[in-house]
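Got the viewer open? Here's a short tour, one selection at a time.

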Amino acid sequence: MWCFVTDMIDWYEDVITNSFQGHSSSNVTVRIFVTGEPDGISSDIASSSSTEDISGGKTRAQLDIASGRPCLWQIIKDFAQSASGRVAVAACGPMSFTREAGNAVASVQIEILQGRVRCDEMYLQTEMYRW
């Protein structure tokens, strides 16, 4: 999942699409959230969501583009419920973003101890930046 406010959506889409060409991963979904509507982002992208199949070789990959802020808490919790084994969450952004990711992971870790989610372990790596 990537969140950004820039008008570089075409660049992100091209980089992601090219990175999956010829790989043999099983299933990959990349979610992009455009959190603002700066001058370069079309109103179609800013007002709706779209899904594109970017498969290459044996890879089944999907690119989801949506507008607005993601609900990190729900995304992380849903993933913990559907994934088995170890899960790594990497968050890079301002303090509010990394704090929200950290709180969500901490909540899931408690649910792991209680046996209420499917994954066995969740690891968090954060990197904070400031403007």
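We'll start with the whole chain, then move to a helix pair and the cores.

**Whole chain.** Keep in mind that this is a predicted model. Colour by secondary structure and you'll find 4 helices and 6 strands, strung along the sequence as β-α-β-α-β-β-α-β-α-β. Of the 131 residues, 34% are buried. Switch on the surface: about 8,400 Å² is exposed, with carbon and sulfur atoms supplying 49% of it. Among contacts with a separation of 6 or more, 72% link residues 24 or more positions apart.

**Helix pair.** Now select residues 72-82 (α3) and 95-113 (α4); they pack at an angle of about 35°, with axes 9 Å apart. The crossing of α3 past α4 is right-handed. To see the contact, show side chains for Leu72, Trp73, Ile76, Lys77 and Ala80 on α3, which meet α4 residues including Phe97, Ala101, Val105, Val108 and Glu111. The contact residues split into 9 nonpolar, 2 polar and 3 charged.

**Largest core.** Which residues have the most contacts inside the largest nonpolar core? Pick Ile76, Val108, Cys119 and Met122, out of 16 residues in that core. The elements giving it two or more residues are α3, β5 (86-93) and α4, and α4 supplies the largest share, 6 residues. Centre on Met122 next: leaving aside residues up to four places away in sequence, Met122 touches Ile76, Ala80, Val87, Val89, Val105, Val108, Gln109 and Ile112.

**Second core.** Last stop: apart from that core lies another one of 10 residues, so to speak your final selection, with Phe4, Ile9, Val30 and Ile32 among them.

How values were computed. Residues numbered from 1 in each chain as written. Predicted model: local features only at pLDDT ≥ 70, side-chain atom pairs only at ≥ 80, totals over all residues. Heavy atoms only, no water. Axes fitted to C-alpha atoms, helices over the stretch in contact; angles between N-to-C directions. Left-handed = near helix turned anticlockwise from the far one by under 90°. Contact = heavy atoms within 4.5 Å. Nonpolar A, V, L, I, M, F, W, Y, C, P; charged D, E, K, R; others polar. Core = buried A, V, L, I, M, F, W, Y, C linked by side-chain atoms within 4.5 Å. Buried < 20%, exposed > 50% of the residue type's maximum accessible area, 1.4 Å probe, protein only. Areas by Shrake-Rupley, 256 points an atom, 1.4 Å probe, with all protein chains shown as cover.
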